Amino acid sequence: MNLQMATRHALFAILELAAQPDRQVSAAEIAEKYDISLNHLSKVLRTLGRRGLVEAVRGVGGGYRFVGNARRVTLLDIINAFEEVGPSPGSHRDPGDDTAEGQALRTVMEEIDILTEATLSSITVETMLKMIRRSRRETPSAA
Amino acid sequence: MADDPDPLTPTIRPATPADLDFIIALDRDMTGIEKPEYWRGIYDRFGKGSEGCILVAYTDDRFVGFIVGEVRAWEFGSPPCGWVFALGVPADLRVQGVGTALFEGLCDRFRAAGVKTIRTMLARDARLLMSFFRSQGMMGGPFIQLEKELAG
């Protein structure tokens, strides 16, 4: 499964902000660390703000901070702000879906989609932060 | 968004027969089905001998949860590993560290038994429970569960 660019930016931003709850982090800092477009990231941060996940702090030393509950917000919550994952709505039909071959293929793809959704909905921001800390301990060269 | 409540620091110990009624009642509250015979069987099997382990958690003499696990060897070709197959914490006491204390207590038992992997199986829509186990560092393992409806 590949995530869209905006979704990846959003995940990086949330993880960066949630890892530093006591300070505001500027969009420029995040963009530089992950080598991503500041313009694009700014749009992503606005979307996250509308979703109530981040808050902009104005003024000197301003930036963004994560305002969700890291133990409750899941990867799926963040991803769904930008793209849909999981089984397609029942009404959606692609050419060939009504054939036996199409139905068999659809059954297999739905199994994958359901597992994807179950995985993403069970991993919270806090769990991701734990994984990141563990990764840093095991691979000190990771930034 | 509201903060989570302060963490609890429960006492963890092996279950005794006196804990069974609390376990049965908590399981009933969680599943909607009271299964006293099942739990007495579980206690006879895992609570008394070396086959497995039932741990209970208490804070200030209040029962606040249980966990059940056992070491299974060579099932599905797997070397010995610890299985968690039941965990219960009252709904009003979740996300306060009780499950973590029980899980860590069970991990200690499994380590002492010489196993290096802990495993469980969950309904894929059991999001809260799956989130809990993932928060303990558990990831998808090398097995996939498959099933089929048998024709009558």
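How many helices and strands does the secondary structure of chain A come to? The legends below take you through this predicted model view by view, and the first one gives the count.

**View 1. Meet chain A and its secondary structure.** Chain A has 6 helices and 2 strands. If you walk along the chain from the N terminus, the elements come in the order α-α-α-β-β-α-α-α. Try to find the two β elements in that order, with α elements before and after them. Along the principal axes, a box of roughly 60 × 35 × 25 Å holds the C-alpha atoms of chain A.

**View 2. The inside and the outside of chain A.** Of the 143 residues in chain A, 38% are buried. On the outside, chain A exposes about 8,500 Å², and 50% of this area is supplied by carbon and sulfur atoms. Now think about which parts of the chain touch one another. Taking the contacts in chain A with a separation of 6 or more, 66% are between residues 24 or more positions apart.

**View 3. A closer look at Phe66(A) in strand β2.** Strand β2 of chain A covers residues 63-66, and Phe66(A) belongs to it. Is this residue buried or exposed? Phe66(A) counts as buried because its relative accessibility is 13%, and the cut-off for buried is under 20%. Leaving aside residues up to four places away in sequence, Phe66(A) touches Ile14(A), Leu17(A), Ala18(A), Leu53(A), Val54(A), Val73(A) and Val125(A). For a sense of scale, look for Leu48(A), which is 18 residues from Phe66(A) along the chain. The C-alpha atoms of Phe66(A) and Leu48(A) are 9.4 Å apart.

**View 4. Asp125(B), a loop residue of chain B.** Here we move to the loop that runs between β5 (118-120) and α4 (127-135) of chain B, where Asp125(B) is found. Asp125(B) has a relative accessible area of 64%, so it is exposed, the cut-off for exposed being over 50%. Tyr38(B) lies 87 residues from Asp125(B) along the chain, and 24 Å separates their C-alpha atoms.

**View 5. Where chain B meets chain A.** At this interface, 12 residues of chain B are in contact with 17 residues of chain A. Together the two chains bury about 1,400 Å², with 52% of that area on carbon and sulfur atoms. Which kinds of residue does chain B bring to the side that touches chain A? They divide into 5 nonpolar, 3 polar and 4 charged residues. Between chain B and chain A there are 0 salt bridges, while 4 residue pairs are in polar contact across the interface.

Note on methods. Residues numbered from 1 in each chain as written. Chains lettered and ligands numbered in written order. Predicted model: local features only at pLDDT ≥ 70, side-chain atom pairs only at ≥ 80, totals over all residues. Heavy atoms only, no water. Contact = heavy atoms within 4.5 Å. Buried area = accessible area lost by both parts, 1.4 Å probe. Salt bridge = Lys/Arg side-chain N within 4 Å of Asp/Glu carboxyl O. Polar contact = N/O pair within 3.5 Å; in protein donor to acceptor, adjacent residues only side chain to side chain. Nonpolar A, V, L, I, M, F, W, Y, C, P; charged D, E, K, R; others polar. Helix = DSSP H or I, 4+ residues; strand = E, 2+ residues; numbered from the N terminus. Buried < 20%, exposed > 50% of the residue type's maximum accessible area, 1.4 Å probe, protein only. Areas by Shrake-Rupley, 256 points an atom, 1.4 Å probe, with all protein chains shown as cover.
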